[in-house]
Every structure is written in C-alpha cells, then in structure tokens.
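Trainee: Could you take me closely through the aromatic side chains of this model, and through the way their rings meet other groups? I would like one connected account rather than a list.

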Amino acid sequence: MTAFWAELAWLGGAGLSAGVLIDVDGERISSVQAGVASPPPGCERLGGLVLPGLANAHSHAFQRALRGRTHRGRGSFWTWREQMYALAGALDPDSVLQIARATFGEMALAGVTLVGEFHYLHHGPGGKPYADQNAIGAAVLEAAAGAGVRITLLDACYLHGAIGVEPDEVQRRFCDPDADAWAARVDGLAGGADAAGAAGAAGAAGARIGAAIHSVRAVDPGAASVVAAWARDRSAPLHAHVSEQPAENEASLLAYGATPTAVLAESGALSERFTAVHATHVSDGDIALLGAVGASCCLCPTTERDLADGIGPTRRLADAGVRLALGSDSNAIIEPFEEARAVELDERLATGVRGHHAGAELLGAASAGGYASLGWPEGGEIRPGALADLVVVDRDGVRLAGVADDGLLDAVVFAGAAADVRDVIVGGRFIVRGGAHVALDVPRELAAAVAGVGSLAGGAR
C-alpha cells in the first residue's frame with residue numbers, strides 16, 4: 001500500500017477539496033478521504049494542486065521533429081502535409097523510437113499520463129514491409145514504456161492516396177494491401193501489447209491497442225466496415241480523422257453522396273467507442289449522428305490553428321451528447337492546459353460570446369474524457385477503483401501566484417502551463433519529480449532525436 005496526501009485536489013465538479021488522503025493498492029486508488037488536516041505518518045505529501053492524470057488523445061509523435069520548420073510562408077493544411085511527408089518518408093524504426101520516446105517524455109513533463117498515438121507509418125520505403133511488419137508500432141510501444149506513460153496505439157488503416165487515387169511513394173509506407181491484411185497485421189501487434197504494457201516504467205505503465213480509420217480519403221466504405229468490425233469484436237476504441245478540411249467533405253459528397261461522418265455511420269463505425277478527431281467542419285446532421293451513439297470528439301486546437309483548419313462547433317457537439325477529449329496532434333506545442341482553454345477561447349473568437357465551457361468541463365475533457373476515448377474508462381479521475389495516475393501543479397509560479405483556492409481550478413485551466421507541472425504519478429509511481437523526468441534527460445533526448453532526423457526534416461523549411 002502507498003498513500004499520498006494532497007494539500008488540494010480536484011475530485012470532480014466545480015470546486016476543490018482540501019486535505020485529501022489517497023490510498024493506493026498496486027496501481028489503483030483504493031480509497032479517497034477529504035478533510036484530513038495533515039499527512040499521516042509515512043504518507044507522501046503532494047503540495048500544490050493535485051489533478052487526475054491528463055490524456056493526450058491524439059498524437060503523431062514523429063511530427064515533433066517538424067517543430068519550427070513548417071511555419072514560414074503562406075500555405076494550408078495541404079502544403080504542410082507535403083512537408084510532413086518529406087519527414088515521414090525517411091524515418092525508420094530506430095529513428096521513430098528515438099523521437100517518440102523523447103516526445104512522450106516531453107508529454108510526461110507536461111502532465112500527460114496517457115497518450116493516444118494515431119499510428120499510420122507502418123512499412124519501409126516504397127511500402128515494403130519490414131521483417132517484423134509491426135516494427136515501427138513496436139518501437140512506439142517501447143518508446144512509451146521508456147517514458148513511463150500509458151499508451152493506446154491506434155493502428156490506422158490507410159489504403160488510398162485519396163478517394164479513388166492510388167497512394168504515392170510516401171503514402172505506400174502507410175498502406176497495407178487491403179483491410180483484411182491490415183487486420184491480420186494488427187492482430188500480431190495486439191498479441192504483443194501485454195508484454196509491452198508489462199514493461200512500462202518499472203511496471204507502472206501499460207499499453208492497449210485500438211484501431212483507426214485514417215479518413216474517408218484513405219479508407220473506402222467497405223474497408224471501413226472491416227476496421228469497424230475488428231474494433232467492435234474486441235471492444236477496442238476506434239478513431240478517425242473526420243471533416244478536418246472542407247475539401248475532405250466535398251470529396252466525400254462527390255464520391256459517396258454523404259459527409260464523412262455519414263459514410264462512417266453507414267460503415268458501422270459509430271458507437272460509444274468511436275472518436276471523431278477534429279470534426280472541425282461537421283454538419284448539424286453529423287453532430288446528431290455522433291451524439292445519438294454517445295461518441296467522443298477529440299479536439300486539437302493548437303494544431304487546428306497551426307494548420308489553418310478552422311474552429312469546430314464544440315459547444316454544439318457537447319450539447320448533443322458528444323464527449324470531448326483533447327490532443328496535441330502534430331506536437332508543434334505540447335501544452336495540455338493550452339489545448340483545454342483554447343476550446344473555449346477559440347469559440348469566443350468564432351461567436352463573439354464568452355462562457356461556452358467552464359474550467360471544470362475543460363479539465364474533464366483533458367482527463368476523464370481522453371481516458372474514455374482511448375479505452376481506459378478506469379482512468380482520469382481521483383476516486384476509489386481508478387488508476388492512480390496523478391498530476392501535481394505548483395501554485396507558486398508566476399502564472400498561478402496569488403490565486404485564491406476558490407479560483408485556482410479556473411486559473412490552472414485558463415493560465416496554467418506545462419512549466420507549472422511539478423510531479424507526475426502513473427500507477428502510483430513517480431515518473432516526474434520536482435519538474436524533472438525520473439528516467440530521461442528529456443531536453444537532451446529531444447535534441448539528439450531531432451538532430452538525428454534533422455537532415456531528413458531540413459527540406460521542410
């Protein structure tokens with residue numbers, strides 16, 4: 001048994017609780033008691049504000065190497081994609097392991113305890129499979145274990161360059177021959193997840209395998225049905241990029257006479273285990289379809305701004321019954337609190353009205369919402385039976401100094417930063433302590449990893 005005493009903790013709702021004793025048995029919380037005036041003997045004291053672990057529900061870790069290299073000049077999502085492909089086309093399992101481990105380490109320092117890696121870089125140059133067809137997926141799992149974070153590897157089916165278009169040279173690295181071949185390959189990956197999860201950070205972290213339909217651009221309706229059935233048969237999470245760009249909607253309507261969400265619904269993909277990533281340009285009908293099944297939507301505001309995607313209808317999605325989650329996507333910046341507040345602040349810009357989403361709702365999207373989206377419904381909350389994944393935020397830094405207890409929750413969401421995260425606990429064990437990762441020199445690892453692929457990414461300037 002391990003015990004933590006939190007000076008202040010968020011147990012859900014709009015307020016905070018003082019003097020919270022959190023008992024941990026194994027990697028689960030066994031009891032939670034508020035109003036304990038001081039730490040009992042032998043208890044680990046957690047000063048500041050204790051939050052449940054944060055979930056980054058949508059990441060492409062390798063794109064961290066593009067930071068600072070894709071921001072010059074005019075362009076759009078589509079021109080950025082060309083720059084990203086220049087990097088993706090030259091990576092191998094070793095370079096992916098290096099950049100992913102360092103990126104997951106950066107996420108840990110920001111308070112992320114669970115990452116959803118939307119994984120579509122599967123094969124070697126020209127699409128030739130490695131001897132181990134899941135070599136890159138295995139590298140991503142190893143990277144998460146090395147960083148001490150939990151992971152859901154969302155293996156993405158990718159078959160076409162666009163609707164009715166053959167994949168280009170780089171896209172062939174993403175592609176399996178067909179959806180059945182994708183399923184057979186992912187079954188092999190899923191068989192190794194338990195071993196990867198058991199490795200973890202001294203047994204603290206774990207891995208689960210989910211499925212992804214990259215998009216209706218890359219996966220036709222028949223193939224989407226195969227992927228949906230694979231996920232349904234295994235009760236696995238299923239994610240898809242949905243309506244990120246107006247051009248995607250136009251292509252889907254032209255080819256199928258329906259929006260991407262409607263195509264996925266007809267393919268059997270929508271359920272409470274489904275997450276629509278972005279949903280920036282969804283219609284009222286799309287929102288109704290997602291809400292009717294209790295699906296999730298993962299918003300990635302910093303990437304959606306960076307790529308000039310637009311601002312999604314977040315309040316309408318939530319009001320329809322769609323559960324919100326948050327992701328860092330391209331990892332141009334890894335700031336979970338910025339992703340949370342951007343949901344509200346971007347909607348203010350779009351509507352001219354303040355107050356669409358309360359701080360507690362946004363924090364719930366960053367924690368329990370993301371955990372549920374990634375197939376870990378037992379995480380993202382501080383309650384008995386939940387995973388003992390905790391984040392300690394220092395309230396003495398410049399961003400939060402002087403904020404009274406009754407305003408601290410909103411202050412963390414609307415002003416907090418990764419730099420305010422002091423300790424991170426996964427499964428009852430510290431992976432970050434005093435603002436430093438316990439196993440990795442994260443800045444050094446990032447520098448080495450980015451330098452290692454620098455010549456590959458250099459063409460993206």
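Mentor: In this predicted model, a good place to begin is Arg-433, whose charged end sits over the ring of Phe-430 at 3.8 Å from the ring centre. A second contact of this kind involves Arg-208, where the charged end lies over the ring of Trp-376, 3.6 Å from its centre.

From charges over rings we can turn to rings that meet rings. A pair of aromatic rings is described by the distance of the centres and the angle of the planes. With centres required to lie within 6.5 Å, the count comes to seven aromatic pairs. One of them joins Tyr-120 and Phe-174, with 4.8 Å from centre to centre and 75° between the planes; because an angle over 60 degrees counts as edge-to-face, that is the class given to the pair of Tyr-120 and Phe-174. Tyr-120 belongs to the loop between strand 6 (112-119) and helix 3 (135-147), while Phe-174 belongs to the loop between strand 7 (150-157) and helix 4 (179-191), so the pair ties together parts that are 54 residues apart in sequence. Both partners are covered: Tyr-120 is buried with a relative accessible area of 4%, and Phe-174 is buried with a value of 0%.

Another edge-to-face pair is formed by Trp-182 and Trp-230, whose ring centres are 5.5 Å apart and whose planes make an angle of 70°. Here the partners come from helices, Trp-182 from helix 4 and Trp-230 from helix 6 (residues 221-233), and the pair therefore ties together parts 48 residues apart in sequence. Trp-182 counts as buried at 0% relative accessibility, and Trp-230 is likewise buried, at 4%.

Returning to Tyr-120 and Phe-174, these two residues also belong to a cluster in which ring pairs link them with Phe-62, Tyr-85 and Tyr-158.

As for the setting of these contacts, the secondary structure of the chain comes to 16 helices and 16 strands, and 60% of its 461 residues count as buried. Among contacts between residues at least 6 apart in sequence, 74% join residues at least 24 apart. The radius of gyration is 21 Å, which agrees with the value near 23 Å that a compact globule of 461 residues would have. The chain exposes about 16,200 Å², of which carbon and sulfur atoms supply 52%.

Methods. Residues numbered from 1 in each chain as written. Predicted model: local features only at pLDDT ≥ 70, side-chain atom pairs only at ≥ 80, totals over all residues. Heavy atoms only, no water. Phe/Tyr/Trp six-rings, centres within 6.5 Å; stacked < 30°, edge-to-face > 60°. Helix = DSSP H or I, 4+ residues; strand = E, 2+ residues; numbered from the N terminus. Buried < 20%, exposed > 50% of the residue type's maximum accessible area, 1.4 Å probe, protein only. Lys NZ or Arg CZ within 6 Å of the ring centre and 35° of its normal. Rg over C-alpha atoms; globule rule 2.2 N^0.38 Å. Contact = heavy atoms within 4.5 Å. Areas by Shrake-Rupley, 256 points an atom, 1.4 Å probe, with all protein chains shown as cover.
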